[in-house]
Amino acid sequence: MTTNPTITASASAAIAAMRTVDAKSFESATTVVPHGAVMDGTMSATENLAVRIDGEFKGTLALLKESAIHIGPNAVLDCKSLQADIIYIQGTFKGELVARKALELAPTARVSGTIRYEDRLDVHCGARLSGSIEGPQRD
């Protein structure tokens with residue numbers, strides 16, 4: 001898996017202006033895997049938590065109860081399972097993903113695998129998405 005090209009400051013500002021997931025979801029986000037770091041394993045939380053990943057992560061990440069995950073533009077994830085209420089992806093993701101409230105793919109997002117969202121999916125022009133997608137079941 002490769003990382004995305006470097007994002008300039010002006011491009012980053014333009015991407016931020018296009019976001020549909022409220023940026024307030026990530027105001028108190030804790031960076032758990034910084035740029036240049038590699039993490040392999042399982043992470044979970046049962047409380048309200050917002051996390052940001054800027055490095056490489058392989059494994060399982062399950063956040064519950066009003067949770068949010070921000071996958072930064074240089075992040076590379078290979079996940080058996082990734083679960084949260086709100087997921088915002090700028091980087092590269094491969095695996096199984098479940099967004100209980102919202103999933104937003106920025107123009108720099110590269111996503112492949114099994115994607116399930118239960119309320120809202122926003123895919124910006126330029127994002128790449130391949131695999132199976134399952135949305136909400138509504139009559």
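The points below comment on strands, salt bridges, cysteines and a surface patch in a predicted model.

1. Strand 5. This strand covers residues 68-71, and its side chains alternate in direction. A68 and H70 point one way, while I69 and I71 point the other way. Despite the opposite directions, all four of these residues are buried.

2. Neighbours of strand 5. Strand 3, made of residues 50-53, pairs with strand 5 in the parallel sense over four bridges. Within that pairing, I53 is the residue opposite I71. Strand 5 is also joined to strand 6 by four bridges, and these two strands run parallel as well. Here H70 stands opposite Y88 of strand 6. Strand 5 therefore has a parallel partner in strand 3 and another in strand 6, given that pairing requires at least two bridges.

3. V32 and its contacts. V32 belongs to strand 1, which spans residues 30-33. Its relative accessibility is 29%, so V32 counts as partly exposed. Leaving aside residues up to four places away in sequence, V32 touches M43, V51, R52 and I53. For V32 and M43, which are 11 residues apart along the chain, the C-alpha separation is 9.9 Å. Both I53 and R52 recur elsewhere in this note: I53 as the residue opposite I71, and R52 as a salt-bridge partner of D54.

4. Salt bridge R52 to D54. The model has five salt bridges by the rule applied, and the R52 to D54 pair is one of them, with its closest N and O atoms 2.8 Å apart. R52 is partly exposed because its relative accessibility is 23%. D54, at 15%, falls under the 20% limit and so counts as buried.

5. Salt bridge D85 to R100. The closest N and O atoms of D85 and R100 are 2.7 Å apart. This pair links distant parts of the chain: D85 lies in strand 6 (residues 76-89) and R100 in strand 7 (residues 92-105), with their positions 15 residues apart in sequence. D85 has a relative accessible area of 7%, so it is buried. R100 is at 22% and therefore counts as partly exposed.

6. Salt bridge R116 to E118. The side chains of R116 and E118 meet at 3.6 Å, N to O. With a relative accessible area of 33%, R116 is partly exposed. E118 is likewise partly exposed, at 38% relative accessibility. A reader who wants to check the assignment may note that the cut-off is 4 Å, and the pair qualifies because its distance is 3.6 Å.

7. Cysteines. How many disulfides does the model contain? The count is zero. Among the cysteines, C79 is buried, because its relative accessibility is 3%. C125 is exposed, because its relative accessible area is 76%.

8. Nonpolar surface patch. V123, L129 and I133 together form a nonpolar patch on the surface. The accessible area of the three residues together is about 230 Å². V123 is located in strand 9, which runs over residues 120-123. Its relative accessible area is 42%, so V123 is classed as partly exposed. That value is over the 30% needed for patch membership, so V123 passes the accessibility condition.

How values were computed. Residues are numbered from 1 along each chain as its sequence is written. This is a predicted model: local features need pLDDT of at least 70, side-chain atom pairs count only at pLDDT 80 or more; totals for chains, interfaces and linings use all residues. Side-chain values use heavy atoms; hydrogens and water are left out. Buried means under 20% relative accessible area, exposed over 50%, partly exposed in between (1.4 Å probe, protein chains only). Contact means heavy atoms within 4.5 Å. A disulfide is a pair of cysteine sulfur atoms within 2.5 Å. Patches are made of residues with over 30% relative accessible area and no salt bridge: like charges are joined within 9 Å, nonpolar side chains (Val, Leu, Ile, Met, Phe, Trp, Tyr) within 5 Å. Accessible areas come from the Shrake-Rupley method with a 1.4 Å probe; for residues, only the protein chains shown count as cover.
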